[in-house]
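User: I have a protein model open and would like to understand how its inside and its surface are built. Please go through it with me.

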Amino acid sequence: MSTPPTSAASALTAPAGIGRALRRVEYLLWLSGSALALAFLLIAGLLVLVVSSGATFFWPHTITMADRAGGKPPVVGVISNEQDEKRDVSGNVLKTAQVQFKAGNRDLNGFDFIWVQSADLANYRTPPEIVALERQEYGDFFGFLEAVEHRGQVIAKGDEAWAVLVRELPGARALAAQAKRMQKDDIGEVNMLMEKERLRLRRAKLEGSTKVNSAEVEAKLAAHNAEYERLRAESDRLTAQASEYMAVMRSAEGPTKKVRLADIVRAFRPNQMTTIEKWGHYFSRVTEFVFGEPRESNTEGGVWPAIFGTVMMTIIMSIAVTPFGVIAAFYLREYAKQGPVVRMVRIAINNLAGVPSIVFGVFGLGFFVYFIGGGIDRLFYPELLPTPTFGTGGILWASLTLALLTVPVVI
């Protein structure tokens, strides 16, 4: 039996159609790849910009001193920004040239940064004796070290004062850290034991129980109070000992400021530092930023608590979401009888994946914090109310809320 003849047009159409389809697929493939590469470059560029801009913050920049016109005191600080003069097409000045200084000395001046017109500045210089103090409070202090005092008596002046400051600073910092540890750990533990006894007595009164001997509780409270007074006296002694050394600093504006060595995190003279010393200072500040605790209302210090909390929240979220998400996915795919109910469940899962995160946050606050946490407090910790134990924001409730947000994606 012979096959029907095919025309030349049909013979040429099929290969041409396949070629066009292949070319179209190749075009879409290159388009998708280009979009992916562009997104990768944008993300990489953003990360490079953030790192390059933020990394310079830890470098000990040169401190500049410049005279000001009009008999004003000189300005001292790190030059952080400059603006050029701008004119319109007619030559009129729209904006004068300005220089921004990170002046520090917030407790004296009331500001950290200052803009000064370039025309009012003259005689730029970098005096090698300028000292930069990184303090526990009020930010940096830029000025000249006049003297070092011990118990109110001047023990060093001039160049000798810097050597004494460098020698005594670690000891004062160590004493202050020891006093802080004692207040946080030892005194905190005694306060916890005292609060535990008071709560035990209060719980017995709320329940109408006579099993708790009030005289015994009072005796324990008296013993804990005596230990508290002893530890507080020792902490006060360490704090006073750490406060014996004072650095007498003179600002560029003229007023002097006494700074406790215990309140100084770092003292350095950036205009005299070598490159190796600057790199050592840089890595010291980077290490503190990663592993240190925050201070100055989270504007100084480190971010270790935030890093630790984020990692813990992610781990708890993964432990909570993985079993339920995987089991639900296996059940829906392998065991559930396909029908209207399963289709509705799949639609609900897809809809949950598109719900804004703020909605999950409000739900977590209402359900986990107020309902679950508040119920636990009323059931198990009535003696602590109205102070909440579980009925407040915490890493557990945040992790469970994040787990709910992630469940649709896992499924």
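User: Which element gives the most residues to the largest nonpolar core?
Analyst: This is a predicted model. Its largest nonpolar core has 18 residues, and those with the most contacts inside it include Leu133, Leu145 and Leu165. Strand 8, strand 9, helix 3 and strand 11 each supply at least two residues. The most, six residues, come from helix 3.

User: Which residues does Leu145 touch, leaving out those up to four places away in sequence?
Analyst: Leu145 is among the residues with the most contacts inside the core. Its partners, not counting those close in sequence up to four places away, are Val131, Ala161, Trp162, Leu165, Ala247, Val248 and Met249.

User: Which residue in strand 13 is the bridge partner of Arg135?
Analyst: Strand 8 covers residues 130-135. Four bridges join strand 8 to strand 13, and the two run antiparallel. Strand 13 is mostly covered, with four of its five residues buried. In strand 13, the partner of Arg135 is Ile264.

User: Is Ile307 buried, partly exposed or exposed?
Analyst: Ile307 lies in helix 6 and belongs to a nonpolar surface patch of about 700 Å². Helix 6 makes the largest share of that patch, six residues. Buried means under 20% relative accessible area and exposed means over 50%. Because its relative accessible area is 34%, Ile307 is partly exposed.

Conventions
Residues numbered from 1 in each chain as written. Predicted model: local features only at pLDDT ≥ 70, side-chain atom pairs only at ≥ 80, totals over all residues. Heavy atoms only, no water. Patch = residues over 30% accessible without salt bridge, like charges linked within 9 Å, V, L, I, M, F, W, Y side chains within 5 Å. Areas by Shrake-Rupley, 256 points an atom, 1.4 Å probe, with all protein chains shown as cover. Salt bridge = Lys/Arg side-chain N within 4 Å of Asp/Glu carboxyl O. Buried < 20%, exposed > 50% of the residue type's maximum accessible area, 1.4 Å probe, protein only. Core = buried A, V, L, I, M, F, W, Y, C linked by side-chain atoms within 4.5 Å. Contact = heavy atoms within 4.5 Å. Pairing = 2+ DSSP bridges.
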